[in-house]
Amino acid sequence: MNIVQSAAPPLSPEWIAAFRDIVGDKYAVTDAADIAPYLTEERGLFHGRSQLVLRPGSTAEVAAICKLATAHKIALVPQGGNTGLVGGQTAHNGEVVISLRRLDKIREIDAASNTMTCEAGVVLQIAQQKAAEADRLFPLSLGAEGSCTIGGNLSTNAGGTGALAYGVAREMALGLEVVLADGRVLNLLSKLKKDNTGYDLRNLFIGAEGTLGIITAATLKLFPKPRAIETAYVGLKSPADALKLLSISQSMVAGSLTSFELLADIAVDFSIRHGIDIRDPLTSKHLWYVLMELSSSRDDARDALEAILAKGMEDGIVDDAVIAANLSQRAAFWKLRDEMSAAQKPEGGSIKHDISVPVAAVPAFIAEADAAVVKLIPGSRPVPFGHLGDGNIHYNVSQPIGANTADFLARWHEVNAVVFAIVMRMGGSISAEHGIGVLKRDELPDVKDKVAIELMRGIKALLDPLGIMNPGKVLWS
Ligand SMILES: Cc1cc2nc3c(=O)[nH]c(=O)nc-3n(C[C@H](O)[C@H](O)[C@H](O)COP(=O)(O)OP(=O)(O)OC[C@H]3O[C@@H](n4cnc5c(N)ncnc54)[C@H](O)[C@@H]3O)c2cc1C
């Protein structure tokens with residue numbers, strides 16, 4: 001993967017001093033040891049370099065930073081919780097890192113309008129908690145919620161486990177405040193659901209991975225807090241049976257089905273083997289599992305879940321199932337699921353894909369991809385799991401047991417090519433959730449409509465004519 005482009009020129013002491021004047025001494029990080037955590041990510045896949053990390057505490061400070069950066073053509077990399085999985089938040093070429101984590105205020109919760117306006121650095125879990133304290137639900141939920149931020153969630157248009165019922169991050173944002181590359185503040189903060197006054201500028205910045213501007217605040221949609229949540233862990237024989245169970249569930253409870261996760265046995269085994277305090281919820285082994293959840297504003301979720309599972313057993317689809325008896329059992333089911341990404345690390349190299357195909361095509365996709373990948377690298381171990389209800393599978397491939405990790409990872413693009421060919425034939429996407437960053441940037445022009453790429457370049461040129469905003473991410477600069 002060619003990450004290094006034209007390296008940013010070294011920052012002069014005068015420029016560093018000018019940036020320091022904006023954020024204050026304490027929040028201009030120049031010591032290499034203090035900068036280090038901003039330059040690596042959890043999996044150790046990307047390692048960046050930078051002379052300067054700035055930690056602004058207000059929108060005005062972000063605006064002043066961008067203005068100065070434009071004046072001197074200094075490249076910036078916005079960063080939130082640093083949990084992104086495609087290298088978008090990493091300064092690969094010596095850019096200045098702008099960490100938004102100090103922008104951590106909840107500006108307002110308007111329970112009557114069902115909105116929450118918060119700054120970009122608010123950690124997702126805190127946003128969820130604050131909504132709950134106001135007797136509301138903020139339904140975005142993902143494995144990294146303890147450290148990822150609202151700004152990062154919107155910039156990657158994160159999906160997560162609630163997308164089936166509530167949609168992805170884009171659908172949860174009513175308004176945005178964005179600092180443009182030249183320092184202008186675009187105020188699109190709004191609580192309105194209905195506002196047809198021209199082009200939808202807000203949506204340009206959602207999913208832009210920090211390449212068009214820096215999100216500093218957002219007005220988010222809140223939902224009624226469910227009165228009852230019921231969670232089941234189900235053993236079955238195949239993705240095709242899981243698909244049938246999904247269809248039964250949707251026809252029996254429609255919008256109350258809030259999660260439907262498909263898990264391969266190997267993914268479950270890895271979690272149990274490498275996670276801490278993770279137990280198999282079922283007493284016997286199965287080839288595939290489903291983790292499903294119903295949420296209801298009434299007390300009928302348990303009955304509904306039991307009825308779905310009974311129908312699944314009657315139809316020969318469900319082999320075994322357990323419903324969480326209490327909150328701690330529910331948390332244990334989700335821990336098994338949430339540990340899946342981390343649990344692949346001790347198994348050696350893992351080549352990752354985050355694809356989506358039409359929901360009905362998921363079983364065929366998994367079968368074809370498994371065959372193609374194992375043919376390409378005999379002994380490699382596909383570890384598929386993910387959001388079946390959204391047609392989104394994290395199709396990861398672990399190295400053959402005992403293989404050389406570097407040799408295996410060197411074949412990343414070969415494996416991508418095989419998997420992406422199947423995805424594209426099925427009308428899918430090579431990035432369902434995690435974005436493009438640098439990881440999939442080189443493949444994007446091959447899979448995206450040519451006119452769409454031209455328009456993306458045009459929008460980038462309009463909003464960031466000097467190319468200082470997260471250069472080399474999503475599109476080649
Ligand atoms: C264990 C784990 C589980 C995950 N599960 C899911 C999942 O289920 N679904 C899913 O969609 N994703 C998932 N992710 C990846 C997901 O993209 C991130 O977790 C999250 O959305 C990124 O938020 P962040 O604050 O960490 O952003 P960062 O990693 O800091 O940044 C991500 C991107 O957004 C840009 N950015 C960050 N903040 C701003 C801002 N304020 N303005 C402009 N640009 C900005 C960065 O430049 C970068 O391009 C998971 C990650 C991990 C580690």
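**Figure 1. The largest nonpolar core in this predicted model has 70 residues.** A handful of them do most of the touching: Tyr-233, Val-234, Leu-245, Leu-262, Leu-263, Met-292 and Phe-365 have the most contacts inside this core. Take Phe-365 as a way in. Leaving out neighbours within four places in sequence, Phe-365 is in contact with Ile-355, Val-357, Tyr-395, Val-419, Ile-422, Val-423 and Met-426. There is also another core, lying apart from this one and made up of 28 residues. Leu-140, Tyr-166, Met-172 and Leu-180 are among the residues of that other core.

**Figure 2. The ligand sits in a shell of 34 residues.** Coming nearest to the ligand are Pro-78, Gly-80, Thr-83, Gly-84 and Thr-149. Sort the shell by residue type and you get 22 polar residues, ten nonpolar ones and just two charged ones. Which elements each chip in at least two residues? They include strand E3 (76–79), helix H5 (150–155) and strand E10 (214–221). H5 supplies the largest share, with four residues.

**Figure 3. Polar contacts to oxygen atoms of the ligand come from Gly-84, Thr-149 and Glu-209.** For Gly-84, the partner is a backbone N or O atom, 2.6 Å from a ligand oxygen. Thr-149 uses its side chain instead, with an N or O atom there lying 2.7 Å from an oxygen atom of the ligand. With Glu-209 we are back to the backbone, where an N or O atom is 3.1 Å from a ligand oxygen. As for cover, the ligand has 970 Å² of accessible area on its own, and the protein covers 95% of that.

**Figure 4. Asn-157 has a positive phi in the loop after H5.** The loop in question runs between H5 and helix H6 (163–166). Phi of Asn-157 is about 50 degrees, and this residue is not a glycine. That is worth a look, because most residues other than glycine have a negative phi. Is Asn-157 buried or exposed? Its relative accessibility is 15%, so Asn-157 counts as buried.

**Figure 5. Asp-277 also has a positive phi without being a glycine.** Here the value is near 60 degrees. Asp-277 belongs to the loop between helix H9 (265–274) and strand E14 (288–296). With a relative accessible area of 67%, Asp-277 is exposed.

**Figure 6. Ser-271 is a buried residue of helix H9.** How much relative accessible area does Ser-271 have? The value is 0%, so Ser-271 is buried, the cut-off being under 20%. Who does the covering is not spelled out here, but the contacts can be listed. Not counting residues up to four places away in sequence, Ser-271 touches Ile-278, Leu-336, Glu-339, Met-340 and Ala-343.

**Figure 7. Asp-299 is an exposed loop residue that touches Arg-227 and Ala-228.** Its loop links E14 to helix H10 (301–314). The relative accessible area of Asp-299 is 69%, so this residue counts as exposed. Now for its partners: setting aside residues up to four places away in sequence, Asp-299 touches Arg-227 and Ala-228. How far apart are the C-alpha atoms of Asp-299 and Ala-228? They are separated by 5.8 Å, while the two residues are 71 residues apart along the chain.

Notes:
Residues numbered from 1 in each chain as written. Predicted model: local features only at pLDDT ≥ 70, side-chain atom pairs only at ≥ 80, totals over all residues. Heavy atoms only, no water. Near = heavy atom within 4 Å. Polar contact = N/O pair within 3.5 Å; in protein donor to acceptor, adjacent residues only side chain to side chain. Areas by Shrake-Rupley, 256 points an atom, 1.4 Å probe, with all protein chains shown as cover. Nonpolar A, V, L, I, M, F, W, Y, C, P; charged D, E, K, R; others polar. Core = buried A, V, L, I, M, F, W, Y, C linked by side-chain atoms within 4.5 Å. Buried < 20%, exposed > 50% of the residue type's maximum accessible area, 1.4 Å probe, protein only. Contact = heavy atoms within 4.5 Å.
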